[in-house]
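Student: Before we discuss any assignments, could you show me the sequence and the model, so that I can ask how each label is justified?

Tutor: Here they are, and we can then set the values against the definitions one after another.

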Amino acid sequence: MVRIIKKQHVHELVSEEIIRYIADKGLAEGDKLPSVDELVRMFGVGRSSLREALRYLEATEIVKVVNGKGIFVSDSGSYRYSGKVKIDNEKSFLLDILDVRRALEGKAVELAAKRITAGKIEEMKACLAEYDERKQKGLDTSAIDYVFHQHIYDAAGNPLLHSVYESISELIKKFFSGPFGVKELFDNTYPFHRTLFDGIANHDCQHALNEFNKMMDIIEETIKDY
C-alpha cells in the first residue's frame, strides 16, 4: 500500500516548534514567549516564515501577538493538541459552510444571469476594476472580493434569497477573513471572478454557473489540502 506523505509548509513546521516550546516550558495562558528576533534565532528561520506561523497560531487561538508588548500564550490548553484538532475543526467548519454557499450563491448566480440590470453590470465592472488594481499593487483583496460576491446576491433580485444570505453572512465572511491565518489562501480563484462576471453580464446562465462551480471546486480543494 502506498502511503501519501503530506507536504508541510515552513510556517507549519515553525508553528509546531513554537507549540513544542510552549509545552516543554510548561507555559500557561498569559505567559510571554521570546521576542520575534529571539524566535528567529532559536528556530533558524526567516522573519516572514515566523510571522506567518504566528498568524496561524493566532487564528487557532494558541498565541496572541500584542503590538509593542510581545507574544503571549492565548489558550493554555490548545497547544496540548498540537493545534491539529483546531485546524481540523476549522477545515470541517469551512467545508460545511462551503456546501451551503454552493447552494445559496449558486442560485444567486443563476438568477443574476437572468435578471442583472445595466446599472448593476456597471457597478460590478467598477468592483472588478478595483479588485484588479489592488491585485496588481500587491494589496489585500479580501474586502473587495467579499463586495464582489455581495453584488451577485443584489443582482439576483430576490429579497428572500438576499435575506437568507444576510442571516449567514458572518459565517460566509470566514472565507474572506484569512482562514487558518492566511489572507491570500484563496488567491488562486482570482481569474474566475472575471469569467463569472462575463457569464452574468452576458446573461449566459450556464457559463456563469460553470465558472462559479470551478471557483468553489478550487476553494474546496485548497481547504482539504491545507
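Tutor: Let me start with a definition: strands are DSSP runs of E with at least two residues, numbered from the N terminus, and two strands pair if DSSP finds at least two bridges between them. Keep in mind throughout that this is a predicted model.

Student: What makes β1 and β2 a pair, then, and what is found in the hairpin of β1 and β2?

Tutor: Strand β1 (residues 63–66) and strand β2 (residues 70–73) run antiparallel and are joined by four bridges; since pairing asks for at least two bridges, the two strands count as paired. V65 stands opposite I71 in β2. Three residues lie between the strands of this hairpin, and G68 has a positive phi near 80° there.

Student: How do you know that the side chains alternate along β2?

Tutor: I71 and V73 point to one face and are buried, whereas G70 and F72 point to the other face and are not buried. In a regular strand, side chains alternate between the two faces of the sheet.

Student: Which residue in the loop between α8 and α9 should I look at, if a positive phi is what I am after?

Tutor: Look at H203, which lies in the loop between α8 and α9 (205–225) and has a phi near 55°, a positive value in a residue other than glycine. Most residues other than glycine have a negative phi.

Student: Why is H203 called partly exposed?

Tutor: Buried means under 20% relative accessible area and exposed means over 50%; H203 has a relative accessible area of 45%, and therefore counts as partly exposed.

Student: Why are S142 and T195 given different labels on that scale?

Tutor: S142, in helix α6 (residues 142–156), has 11% relative accessibility, which is under 20%, so S142 counts as buried. T195, in helix α8 (residues 190–201), has 25%, which falls between the two cut-offs, so T195 counts as partly exposed.

Student: What do S142 and T195 touch, leaving aside neighbours within four places in sequence?

Tutor: S142 is in contact with F176 and K183, while T195 touches H207 and E211. As for T195 and Q136, they are 59 residues apart in sequence, and their C-alpha atoms are 18 Å apart in space.

Student: How do you know that the length of α7 agrees with that of a helix?

Tutor: Helix α7 (residues 159–172) has 14 residues, and at 1.5 Å a residue, with one less than the number of residues counted, the helix should span 20 Å; its end C-alpha atoms are 18 Å apart, which agrees. There is also a bend of about 40° at E166.

Student: Which residues of α7 are buried, and why is S163 called partly exposed?

Tutor: The buried residues of α7 are L161, Y165, S169 and I172. S163 also lies in helix α7, but its relative accessible area is 43%, which is neither under 20% nor over 50%, and so S163 is partly exposed.

Student: What makes a set of residues a nonpolar core, and which residues have the most contacts inside the largest one?

Tutor: The set must consist of buried residues of the nonpolar kinds, such as Val, Leu, Ile and Phe, joined through side-chain atoms within 4.5 Å. The largest such core has 64 residues, and those with the most contacts inside it are I18, L50, I152, F175 and L196. This core draws at least three residues from each of domain 1 (10–73) and domain 2 (90–225). Leaving aside residues up to four places away in sequence, L196 touches V109, F148, I152, A208, E211, F212 and M215.

Student: How far apart are the C-alpha centres of domain 1 and domain 2, and how many helices and strands does the protein chain have?

Tutor: The C-alpha centres lie 33 Å apart. The protein chain has nine helices and two strands, in the pattern α-α-α-β-β-α-α-α-α-α-α along the sequence. Of its 226 residues, 42% count as buried.

Note on methods. Residues are numbered from 1 along each chain as its sequence is written. This is a predicted model: local features need pLDDT of at least 70, side-chain atom pairs count only at pLDDT 80 or more; totals for chains, interfaces and linings use all residues. Side-chain values use heavy atoms; hydrogens and water are left out. Buried means under 20% relative accessible area, exposed over 50%, partly exposed in between (1.4 Å probe, protein chains only). Domain bounds come from an automatic or database domain assignment. Contact means heavy atoms within 4.5 Å. The bend at a residue is the angle between axes fitted to the seven residues ending there and the seven starting there.
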